[in-house]
Amino acid sequence: MPGMNSGQNPASTILVTAFRSALLRQSVIVALIFLLLFIAWGATRTAVFGVPSGPGTPGGSSAARLMRAWREPRARRLLRIGFGILWLFDGILQAQPQMPGGLASQVIQPSADGSPSWVVHLVNWGANLWSYHPIAAAASSVWIQVGIGLWMIFAVRGWSIRLAALSGVAWGLIVWAFGESFGAIFAPGLTVLFGAPGGVLLYVVAGVLLALPERAWDGPRAGRLILGGSGAFFLGMALLQAWPGRGFWQGTLHGQPGSLAAMIESMAGTSQPHFLEVLVSGFANFTVSHGFAVNLVAVIALALIGAAMTVGALRSDARLALIAVIAATVFCLADWVLVEDLGFLGGLGTDPNNMIPLILLFIVGYLGIAPQPEPMLAPAAVTAPEADVPPRRFGVGVGLLRGFARVPVGVVAGLGALGVIVVGAAPMALASVDKNADLIVAESLAGSNSTPDILASNFTLTSQDGRKVALTSLRGKVVLLSFLDPVCTTDCPTMAQEMRLADTLLGSRASATELVAVVANPTYTSTAYTQAFDRQEDLEQVPNWLFLTGSLGQLDAVWHNYGIEVEDLPAGAMAAHNDLAFVISAKGVVQQEINDDPGPGTDATTSSFAGLLASSVEQSLGDGQ
């Protein structure tokens, strides 16, 4: 019946199974990438140096001397490893089973609510890409983020960490724009308490900092920059939080929860452990009753922390910076739990929101200005001097092999991580140029097609131009049969467009196909209504389109023979009927029965159902039955 299947189920078994299969196949590829890289590296080192890799080899001693000569500042190390772990965690979150079917409609598109129209259009473009190719997009997101995380963790210096950082910047900006609607910075109600400026933008900041030259981390400059920027950000957020008329000062507004209370209440409804639900719900009720006090505490905390960080950065005052960072960490953790509700629960959470990345940046800033203890240098290991290796001249190929043999293990692992990113990016790049939605979108709505393999029941009805048409007269062509209500305003127009698009997809093979619809309304059966429907849906120019009608007795017999249940709706002209399509072979055999309920009727589902119908027709044409 129209509207019975109102939307795509994110937990669809078909989508979940396909997603898991894709991840499994790609995980095998990822494992092979690392295995082959390390085998090649080990074999090259053995061939070049004559011994397995280790600190005693010429390449090993060179790498060891290099690492002893440069010690990564602890602030930079925390930034690199901390955000690498966050990227890994986000990649794991992207592997949740509901991501393919739920992220676009339940996360990406709602994030643009209240934003300017150009933001909405941009975000809808990204959501449509996901909706058209949900398995490829979801799996790609997993591997791209896992690859970035691994690359940041393994790469320490040089071109490797710079490329890892810049890949994080590029992907982070894509997610920030298309997935987070620019962190909702163009929407009303902007506040750091809800996630501004978007958690992934902080990943971008971390990537930019890691891409800086190593000398930028000498001394307190980088730490002062991070702390000063964080302080200015908090001061700005304090001003926004205190601004009147934005709904933050009221626990209730016009009988409804205020902005802050409404946000907390919405998060409390997320699927989560019971103790956390009780905690967040309790704080939501407290905010409704004491909204002014809660916002006052938030404004004062943001302002004081921002001021302390700014002054600490300007004076390079490590003690003041430490106090500010501790206070900021406590504040951010409280907000992360009580307001943002951890940010990643409910089956569609993609990251821990903004508070954990902010805490990481604060600590990195403090470590950057705090005095760094002198390292305890262990006695250098006695290694064979590189001069013991007889000098020889090598060609370009051998030179490259020797260069590969000399790289440290972290660089090899970084190359593997780059391979992981490619495993994710390649399918997404291919999907982005495919204008047709994947068939699995329709299959997840329609379920499995039945294959009756019985002779089609014959009927003789009247076409939209007044001709008598018998089903048997169409033998020699594959018939795509559906049942449409000519005055319907919901499912039937969408189903008609699916058939028209299927005809386009068939191309030259459309000449061997007949698109046939039978009226599914007991009241509006005249050809005037079928002709009006054809004009409305631009079907008049489709040469192989037939919209058949007849007397109520004739139609009732056809409905009965094909299992179509039709009834008048009590209020309105439309009739209720089940949505089925039949593929009838050139020899008159019903080969497939397809549940053609268009579900949400989006561009993606319409395109996918058209592809499914065209594929079914092509299968029948190929069978020749």
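# Worked exercises on a predicted chain

Phe182 is buried, with a relative accessible area of 13%. Keep in mind throughout that this is a predicted model.

**Exercise 1. Backbone oddities**

Say what is unusual about the backbone at Phe182, at Asp341 and at the bond from Ala196 to Pro197, and place each one in the fold.

Step 1. Start with Phe182. Its phi is near 60°, which is a positive value for a residue other than glycine. You'll find Phe182 in the loop between H7 and H8, and its 13% falls under the 20% cut-off for buried.

Step 2. Now move to Asp341, with phi near 55°, again positive in a residue other than glycine. Asp341 sits in the loop between helix H13 (318-338) and helix H14 (355-369). At 2% relative accessibility, Asp341 is buried.

Step 3. Check the peptide bond from Ala196 to Pro197: omega is near 0°, so by the record of its geometry the bond is cis. Pro197 belongs to the loop between helix H7 (158-179) and helix H8 (199-210).

**Exercise 2. How H6 packs on H7**

Describe the packing of helix H6 (residues 134-154) and H7 by axis distance and crossing angle, then say which residues meet.

Step 1. Two numbers do the basic job: packed helices are described by the angle between their axes and by the distance between those axes.

Step 2. Here the axes come within 9 Å and cross at roughly 145°. The crossing of H6 and H7 is left-handed.

Step 3. List who meets whom. From H6 you get Ser141, Ile144, Gln145, Ile148, Trp151 and Met152; on the H7 side are Ser160, Ile161, Leu163, Ala164, Ala165, Ser167, Gly168, Trp171 and Val175. Sorted by class, the H6 contact with H7 has 10 nonpolar, 5 polar and no charged residues.

Step 4. Zoom in on Ser160, a residue of H7. Ser160 is buried at 3% relative accessible area. Setting aside neighbours within four places in sequence, Ser160 is in contact with Trp151 and Ala155.

**Exercise 3. Tracking the salt bridges**

How many salt bridges are there, and which parts of the chain does the pair Glu214 and Arg157 tie together?

Step 1. The count comes to 5 salt bridges.

Step 2. Take Glu214 and Arg157, whose side chains meet at 2.6 Å, N to O. Glu214 lies in the loop between H8 and helix H9 (221-242) and Arg157 in the loop between H6 and H7, so the pair ties together parts that are 57 residues apart in sequence. Glu214 is buried at 17%, while Arg157 is partly exposed at 23%.

Step 3. Go on to Glu514 and Lys477, a salt bridge of 3.2 Å, N to O. Glu514 is in strand E7 (residues 513-519) and Lys477 is in the loop between strand E5 (468-470) and strand E6 (478-484), so this pair joins parts that are 37 residues apart in sequence. Glu514 is buried at 7%, and Lys477 is partly exposed at 29%.

Step 4. Add Asp465 with Arg467, where the closest N and O atoms are 3.2 Å apart. Arg467 is partly exposed at 43%.

Step 5. Finish with the network: salt bridges link Glu72, Arg76 and Arg80.

**Exercise 4. A buried glutamate with no partner**

Which side chain of opposite charge is nearest to Glu498, and how far away is it?

Step 1. Locate Glu498 in helix H18 (residues 491-506).

Step 2. Look for a partner. The nearest side chain of opposite charge is Arg500, 12 Å away. A salt bridge needs N and O within 4 Å, and Glu498, though buried, has none.

Step 3. See what surrounds Glu498 instead. Leaving out residues up to four places away in sequence, Glu498 touches Asp596, Pro598, Thr605, Thr606, Phe609, Ala610 and Leu613.

**Exercise 5. Ala614 and the whole chain**

Find what Ala614 touches, then step back to the chain's overall make-up.

Step 1. Ala614 lies in helix H21 (residues 603-623) and is buried at 4%. Beyond residues up to four places away in sequence, Ala614 touches Ala502, Leu505 and Leu506.

Step 2. Compare sequence with space: Ala614 and Val583 are 31 residues apart in sequence and 10.0 Å apart, C-alpha to C-alpha.

Step 3. Zoom out. The chain has 21 helices and 12 strands, and buried residues make up 49% of its 625 residues. Among contacts between residues at least 6 apart in sequence, 77% join residues at least 24 apart. The C-alpha atoms fill a box of roughly 95 × 75 × 40 Å along the principal axes.

Terms used:
Residues numbered from 1 in each chain as written. Predicted model: local features only at pLDDT ≥ 70, side-chain atom pairs only at ≥ 80, totals over all residues. Heavy atoms only, no water. Helix = DSSP H or I, 4+ residues; strand = E, 2+ residues; numbered from the N terminus. Buried < 20%, exposed > 50% of the residue type's maximum accessible area, 1.4 Å probe, protein only. Lys, Arg positive; Asp, Glu negative; His and termini not counted. Contact = heavy atoms within 4.5 Å. Axes fitted to C-alpha atoms, helices over the stretch in contact; angles between N-to-C directions. Left-handed = near helix turned anticlockwise from the far one by under 90°. Nonpolar A, V, L, I, M, F, W, Y, C, P; charged D, E, K, R; others polar.
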